[in-house]
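Reader: I have a structure to read and would like the terms explained as we go. Please set each value against its definition.

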Amino acid sequence: MCIRDRVSTQSTWGIQILAQMLNRVIRDLVGKQLTVTQVRYFAAQKKQKMELTLRTPYRTLFENFDGFSRIITKSNEAALIIQNKSPAAIYVLPPGYLKVKLTTEAKNTSGDYLHLGGWLTVHMDNTCEINLVDCFEKKEIRPDQFDKADIPKEQDTVAGRYVTKLRKSAARTFLKKAT
């Protein structure tokens with residue numbers, strides 16, 4: 001093998017590596033473009049106005065309701081305001097308040113609630129789904145009756161202490177928000 005053959009072999013080897021690198025970059029770019037195109041064309045139709053579904057295991061308070069301007073509540077991190085065209089997300093809701101600012105008349109509700117926790121999901125199609133453990137109208141809550149509740153004694157387990165801590169936290173929050 002002469003020197004000329006070695007040079008040509010090395011140069012073709014370098015060209016092959018360069019070609020492979022370019023092919024990877026092009027494949028990655030084209031692949032990403034195809035993915036975006038698929039999401040754009042195969043995603044559900046976005047609604048013009050956000051629709052709200054608010055439910056507990058016992059009842060549904062709102063079902064595909066669009067007569068509101070925003071939802072105000074508190075997540076684990078900070079105050080949370082959800083309104084039309086909010087980005088898709090999932091939030092954990094600790095016990096506390098939930099205010100639905102109504103723009104149209106809703107039957108038998110003021111939009112002010114106290115809840116025992118749950119989660120809130122904002123979907124990509126501009127819908128919002130709130131699932132709560134339980135929820136009460138703020139006007140129906142009687143803070144003077146909180147200390148008269150029949151609550152079982154604390155169990156001496158990790159779960160029992162945690163439940164007691166949650167109950168105390170929820171009672172403090174309810175007292176603060178109900179008055």
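Reader: What makes residues 1-9 a stretch of low pLDDT?

Author: pLDDT is the predictor's confidence in each residue, from 0 to 100. Over residues 1-9 it stays under 50, and the model has two contacts there beyond four places in sequence; a contact means heavy atoms within 4.5 Å. Residues 33-42 also stay under 50, with one such contact. This is a predicted model, in which local features need pLDDT of at least 70 and side-chain atom pairs count only at 80 or more, while totals for chains, interfaces and linings use all residues. Residues are numbered from 1 along each chain as its sequence is written, and side-chain values use heavy atoms, with hydrogens and water left out.

Reader: Where in the chain is confidence lowest, and where highest?

Author: Helix α1 (residues 3-42) is lowest, at a mean of 59, and strand β9 (residues 127-132) is highest, at 94. Helices (H or I, at least four residues) and strands (E, at least two) are DSSP runs, numbered from the N terminus. The chain has two helices and ten strands.

Reader: Why is a set of 20 residues called a nonpolar core?

Author: Such a core is a set of buried Ala, Val, Leu, Ile, Met, Phe, Trp, Tyr and Cys residues joined through side-chain atoms within 4.5 Å. Buried means under 20% relative accessible area (1.4 Å probe, protein chains only). The 20 residues meet those terms, so they count as a core, with Leu52, Phe62 and Cys128 among those with the most contacts inside. Strand β9 gives the largest share, three residues.

Note on methods:
Buried means under 20% relative accessible area, exposed over 50%, partly exposed in between (1.4 Å probe, protein chains only).
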